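Got your viewer open and a selection box ready? Load the model below and we'll walk through it stop by stop.

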Amino acid sequence: MIAAQDGSEIQDTQLQDAQRKIEALETQQLALEQLTLCAGDVFESITGKAWMPQSRQSLVNRKAQTASIIDARDFLKARKVNETLVHLPKGTPVLFSGHQNTTDIDKITEILDRIAKKTPDMYLVTTGNRKGGDLIAGQWAKTKKIAVLSFGITGNGKRAPFDRNRQIFKEISPVLTVVFGTGGIQKHIKELASENGLKSYQGENC
């Protein structure tokens with residue numbers, strides 16, 4: 001619609017109407033995000049477990065921003081940047097990957113406490129497993145009020161987990177990794193950490 005803008009009053013009115021609809025949808029999105037946060041609190045109070053979002057989703061708490069006059073091109077550009085930044089936690093990314101059978105809560109807590117003490121601005125990136133080590137690490141982060149970026153598998157096939165691992169290192173650039181378990185996914189993360197010259201904490205060997 002912006003590309004078709006010819007400067008006429010009709011086109012300008014249509015563009016303003018479209019912009020208002022987008023702003024209304026974003027307000028609705030904010031309301032849904034707040035409902036999600038509330039539902040997560042209810043889930044935790046009933047089950048005693050932290051609710052974790054689905055793959056590549058984030059728990060976001062933000063305020064809607066509006067302006068009475070704004071250029072449509074600037075609005076869409078700012079909207080794109082805002083949507084990227086609001087879902088990316090601030091600070092130093094620490095990657096955690098635990099096998100779904102990992103249950104050593106004390107060891108995971110000990111290691112993450114140690115890292116958090118050395119890296120107070122850390123946020124946690126997990127491989128998105130809703131069981132085992134990733135779940136334990138996510139619960140730890142919530143109790144510490146540390147942001148979590150759940151980076152689950154989005155594709156299909158045997159290569160999908162490994163493609164996801166490479167994407168984490170490419171897009172997020174973690175400063176160090178914590179690995180629990182000896183599965184193929186965890187071994188691959190250790191290899192990528194070594195290739196990138198990163199320190200990798202390995203479960204019981206930490």
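Start by selecting Phe180: in this predicted model, its relative accessible area is 4%, so Phe180 is buried. Now add Phe96, which is buried too, at 0% relative accessible area. Show both rings. Phe96 and Phe180 make a stacked aromatic pair, with 5.8 Å from centre to centre and 25° between the planes. Don't go hunting for others, as a search of the whole structure turns up 1 aromatic pair. What does the pair tie together? Phe96 sits in strand S1 and Phe180 in strand S4, so the pair links parts that lie 84 residues apart in sequence.

**Next: the sheet**

Switch to cartoon and pick out the strands. There are 5 of them in an open sheet, ordered S3-S2-S1-S4-S5, and the pairing is parallel. Which strands stand at the edges? Those are S3 (148-150) and S5; each has a single partner strand, so one side of each has no neighbour in the sheet. Turn the view along the sheet and you'll see the strands twist, by an average of 20° from one to the next.

Zoom in on the S3 edge. Strand S2 (residues 122-126) pairs with S3 in the parallel sense over 3 bridges. To see one partnership there, select Leu124 and Val148: Val148 in S3 is the bridge partner of Leu124.

Now go over to the S5 edge. Here strand S4 (residues 176-180) runs parallel to strand S5 (residues 199-202), and the two pair over 4 bridges. Select Leu176 and you'll find Lys199 of S5 opposite. Between S4 and S5 the chain passes through helix H6 (residues 184-195), giving a right-handed β-α-β crossover.

**Next: the loop after S1**

Select Thr102, in the loop that joins strand S1 (92-98) to helix H3 (105-118). Is Thr102 buried or exposed? Its relative accessibility is 12%, so Thr102 counts as buried. Expand the selection to whatever Thr102 contacts, skipping neighbours within four places in sequence: you get Ile108, Gly132, Gly133, Ile136, Phe180 and Gly181. So Phe180, your starting point, turns up again among the contacts of Thr102.

**Next: helix H3**

Colour H3 and look at how it lies across S1, S2, S4 and S5, at about 175° to S4. Then show side chains for Lys107, Glu110 and Arg114, which are linked in a network of salt bridges. On one side, Lys107 and Glu110 have their closest N and O atoms 3.8 Å apart. They are 3 residues apart in H3, which means about one helical turn between them. On the other side, Glu110 bridges to Arg114, with the closest N and O atoms 3.3 Å apart. Glu110 and Arg114 are 4 residues apart in H3, again about one helical turn.

Try colouring the trio by accessibility. Lys107 counts as buried at 16%, while Glu110 is partly exposed at 40% and Arg114 is partly exposed at 28%.

**Last stop: another salt bridge**

How many salt bridges does the structure hold? It holds 5. For one away from the trio, select Arg159 and Asp163, whose closest N and O atoms are 3.7 Å apart. Arg159 is exposed, with a relative accessible area of 57%, and Asp163 counts as partly exposed at 35%.

Conventions: Residues are numbered from 1 along each chain as its sequence is written. This is a predicted model: local features need pLDDT of at least 70, side-chain atom pairs count only at pLDDT 80 or more; totals for chains, interfaces and linings use all residues. Side-chain values use heavy atoms; hydrogens and water are left out. Two strands pair if DSSP finds at least two bridges between them. A crossover is right-handed if, with the strands pointing away from the viewer, the path from the first strand over the helix to the second runs clockwise. Buried means under 20% relative accessible area, exposed over 50%, partly exposed in between (1.4 Å probe, protein chains only). Contact means heavy atoms within 4.5 Å. Rings of Phe, Tyr and Trp (its six-membered ring) pair if their centres lie within 6.5 Å; planes under 30 degrees apart count as stacked, over 60 as edge-to-face and the rest as tilted. Axes are lines fitted to C-alpha atoms, for helices over the stretch in contact, and angles run from 0 to 180 degrees between N-to-C directions. A salt bridge is a side-chain nitrogen of Lys or Arg within 4 Å of a carboxyl oxygen of Asp or Glu.
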